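Dear colleague,

I am passing on the structure we spoke about, and below it you will find notes on some of its charged pairs and on one part of its surface. Please read them with the structure open beside you.

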Amino acid sequence: ERILQLNRDLREVHATRVRAQQEVNQLKKFRGSRDIFSASAPGIMRDGLVSELKRRYLELEIRKKELDAVYLEKHPKVETLTQQMEQLTGMAAKHVTAMFDAATQQLAAAAAEEADLSQQIDRARAEDAEIRLTKISHDQLIAKADEDKLFYDKVAKRIAETDMTKEVGVNNVTILDRAVTP
């Protein structure tokens, strides 16, 4: 039962490790990227902070387009929006890097747990083999003890019969004539 439970746990941890590996691979592409908001990675866009930053970025982008129609590129209002957009992009990039680091740590933890469970399974299998050998040896000793007990019972019965025969004193030999010296 312990081996079966460890195998179930190992399958769960393996699935966790595979998911973590997929997340790490996905986040690796966008780590340090300045173009996070154009990413179509579902893992990144599911994150609440990134989606909120993207929403704010899109709002600023719309306002910037409106200002671009009225002002030149170097106008203070346009530059302010551009800086705000860059800040949002930087924040998102830092957050994605943090997500990557967290996913990497989760992957390492899952891999370590998977290795530990594999070792536990190996130890449990070795213990199981040892228990089986001990059980075989035990069964052989029980069989020998039963055989010896039967032999002992037979010998004890025979000794008892011999003792009873001695005590009965039945003798069918009688003296007919006494021997005389010639």
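Glu114 counts as buried, because its relative accessibility is 15% and the cut-off for buried is under 20%. Please keep in mind throughout that this is a predicted model, and that the values here are computed from it. The side chain of Glu114 meets that of Arg17 in a salt bridge, with 2.4 Å from N to O. This pair links distant parts of the chain, since Arg17 belongs to helix α1 while Glu114 belongs to helix α4, and their positions lie 97 residues apart in the numbering. Arg17, for its part, is partly exposed, with a relative accessible area of 21%, a value to be read against the range for that class, which begins where buried, under 20%, ends.

A second salt bridge also joins these two helices: Arg2 pairs with Glu127, and their closest N and O atoms are 2.9 Å apart. Here again distant parts of the chain are linked, with Arg2 in helix α1 (residues 2-30) and Glu127 in helix α4 (residues 76-168), 125 residues apart. Arg2 counts as partly exposed at 47% relative accessibility, and Glu127 is likewise partly exposed, with a relative accessible area of 37%.

Which residue forms a salt bridge with Asp148? The partner is Lys144, and the closest N and O atoms of the two are 3.5 Å apart. Asp148 and Lys144 both lie in helix α4, where a spacing of 4 residues sets them about one turn of the helix apart. Asp148 is partly exposed, with a relative accessible area of 37%, and Lys144 also counts as partly exposed, at 47% relative accessibility. The three pairs described above are among the 7 salt bridges that the structure holds.

Turning from charged to nonpolar side chains, you will find a surface patch of about 290 Å², made by Phe151, Val155 and Ile159. Of these residues, Ile159 has its place in helix α4, and it is partly exposed because its relative accessible area of 47% falls between the limits of 20% for buried and 50% for exposed.

If you look at one place before the others, I would suggest the pair of Arg17 and Glu114, where a partly exposed arginine meets a buried glutamate in a salt bridge.

With best wishes

Methods
Residues are numbered from 1 along each chain as its sequence is written. This is a predicted model: local features need pLDDT of at least 70, side-chain atom pairs count only at pLDDT 80 or more; totals for chains, interfaces and linings use all residues. Side-chain values use heavy atoms; hydrogens and water are left out. A salt bridge is a side-chain nitrogen of Lys or Arg within 4 Å of a carboxyl oxygen of Asp or Glu. Helices (H or I, at least four residues) and strands (E, at least two) are DSSP runs, numbered from the N terminus. Buried means under 20% relative accessible area, exposed over 50%, partly exposed in between (1.4 Å probe, protein chains only). Patches are made of residues with over 30% relative accessible area and no salt bridge: like charges are joined within 9 Å, nonpolar side chains (Val, Leu, Ile, Met, Phe, Trp, Tyr) within 5 Å. Accessible areas come from the Shrake-Rupley method with a 1.4 Å probe; for residues, only the protein chains shown count as cover.
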